[in-house]
Amino acid sequence: MEGIDDLAQAFERFPGIGPRQAKRFVYHLLAQGAEERSRLAKLIDGIGSTVKQCAECKRFATGQGTSCFYCTDKSRDDSLLMVVEKDQDLAAIERAGMYKGRYFVLGGVLTLSGKGAIRERDLLTTIETRAAQGLSEVVLALSATSEGEHTADHLRTLLAPLRERIRLTLLGRGLATGSELEYSDAETLRGALQNRKET
Ligand SMILES: [Zn+2]
């Protein structure tokens with residue numbers, strides 16, 4: 001059915017959503033009524049003006065200015081830069097409360113077949129800029145999945161020319177194999193950071 005199918009296809013492009021779930025969303029919206037649909041449409045439409053991407057770490061954040069709270073906070077340690085896959089991983093690290101350096105959000109991981117886009121040019125630019133501000137270590141904090149490891153390999157190659165000046169470390173594998181950073185508890189993350197090793 002036209003209309004239903006069009007919207008279902010739009011939902012199918014969401015991460016982790018298959019065709020059946022997409023259809024469920026559409027029928028849910030139909031059952032909700034016009035007012036609720038209109039409220040949701042406004043929220044979607046407005047999110048671009050209330051939430052901005054930080055010019056430095058690339059996370060999505062609300063607030064004034066081009067750089068986010070973590071990038072402008074003068075009390076944070078400029079010698080450390082942690083590279084995470086996505087905004088939710090950064091939030092998990094912050095919840096664990098053991099890291100006070102800077103961040104960079106890659107925006108994804110590479111699949112084993114080499115698909116996927118990560119912000120590697122922005123990462124290089126950020127490292128160059130931060131190197132002038134005292135950066136001495138880049139911590140790769142990727143999920144302990146095969147895609148996370150594949151991405152870490154790629155970054156190791158990409159950052160190889162910088163290694164004379166900057167240490168490259170990986171989170172210690174206190175993280176169980178297959179575990180995503182986003183869902184790891186604070187204790188595990190703290191252990192993984194303490195046990196990070198040169199890569
Ligand atoms: Zn930022």
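## Salt bridges in the helices

The side chains of E36 and R39 meet in a salt bridge, with N and O 3.3 Å apart (a side-chain nitrogen of Lys or Arg within 4 Å of a carboxyl oxygen of Asp or Glu). Both residues sit in helix 3, 3 residues apart, or about one turn of the helix. E36 has a relative accessible area of 27%, so it is partly exposed, and R39 is partly exposed too, at 47% (buried is under 20% relative accessible area, exposed is over 50%, and partly exposed is in between, using a 1.4 Å probe and protein chains only). One thing to keep in mind: this is a predicted model, where local features need pLDDT of at least 70 and side-chain atom pairs count only at pLDDT 80 or more, while totals for chains, interfaces and linings use all residues. Residues are numbered from 1 along each chain as its sequence is written, and side-chain values use heavy atoms, with hydrogens and water left out.

K23 pairs up with D5, the closest N and O atoms being 3.5 Å apart. This salt bridge links distant parts of the chain, with K23 in helix 2 (residues 19-32) and D5 in helix 1, 18 residues apart. K23 has 32% relative accessibility, so it counts as partly exposed; D5, at 28%, is partly exposed as well.

## A buried pair and a network

Over the whole structure, a search turns up 14 salt bridges. Side chains of opposite charge can pair when their charged atoms come close. Are the partners K86 and E85 buried or exposed? K86 counts as buried because its relative accessibility is 16%, and E85 counts as buried at 13%. Their salt bridge has its closest N and O atoms 3.9 Å apart. Elsewhere, E56, D78, R102 and R130 are joined into one network by salt bridges that share partners.

## Two pockets

K86 and E85 turn up again in the lining of the largest pocket, together with Q88, V109, S143, T145, E147, E180, E182 and Y183. Here a pocket is an open set of points on a 1 Å grid over the protein atoms alone where a 1.4 Å probe fits, with protein on both sides within 12 Å along at least five of seven lines; lining residues have an atom within 4 Å of a point. The volume comes to about 220 Å³, meaning the space filled by probe spheres set on the points, which are joined across faces, edges and corners. By class, this lining has 2 nonpolar, 3 polar and 5 charged residues (Ala, Val, Leu, Ile, Met, Phe, Trp, Tyr, Cys and Pro are nonpolar, Asp, Glu, Lys and Arg are charged, and the others, Gly among them, are polar).

The second largest pocket has a volume of about 170 Å³. Lining this second largest pocket are L7, A10, F11, F14, L29, R37, L40, A41 and I44. Helix 1 (4-12) and helix 3 (34-50) are the elements that give two or more residues to this lining, and helix 3 has the largest share, with 4 residues. The class count here is 8 nonpolar, no polar and 1 charged.

## Nonpolar cores

The largest nonpolar core has 23 residues, and M82 and Y103 have the most contacts inside it (a core is a set of buried Ala, Val, Leu, Ile, Met, Phe, Trp, Tyr and Cys residues joined through side-chain atoms within 4.5 Å). Two or more residues each come from helix 4 (69-72), strand 3 (77-84), helix 5 (87-96), strand 4 (101-105), strand 5 (137-141) and helix 8 (186-194). The biggest contributor is helix 5, with 4 residues.

Which residues does Y103 touch, leaving aside its neighbours within four places in sequence? Y103 is in contact with C57, Y70, R76, L81, M82, L90, I93 and E94 (contact means heavy atoms within 4.5 Å). There's also a second, separate core of 19 residues, including L81, I127, L159 and L168.

## Helix 5 and the whole chain

In helix 5, D89, L90, A92, I93, E94 and A96 are buried. The buried residues of this helix pack against helix 4, strand 3, strand 4 and helix 8. Just after helix 5, G97 takes a positive phi of about 65 degrees.

Zooming out, the chain comes to 8 helices and 7 strands (DSSP runs numbered from the N terminus: H or I with at least four residues for helices, E with at least two for strands). Its C-alpha atoms fill a box of roughly 60 × 40 × 30 Å along the principal axes. Buried residues make up 38% of the 199 residues. Of the contacts with a separation of 6 or more, 59% are between residues 24 or more positions apart.
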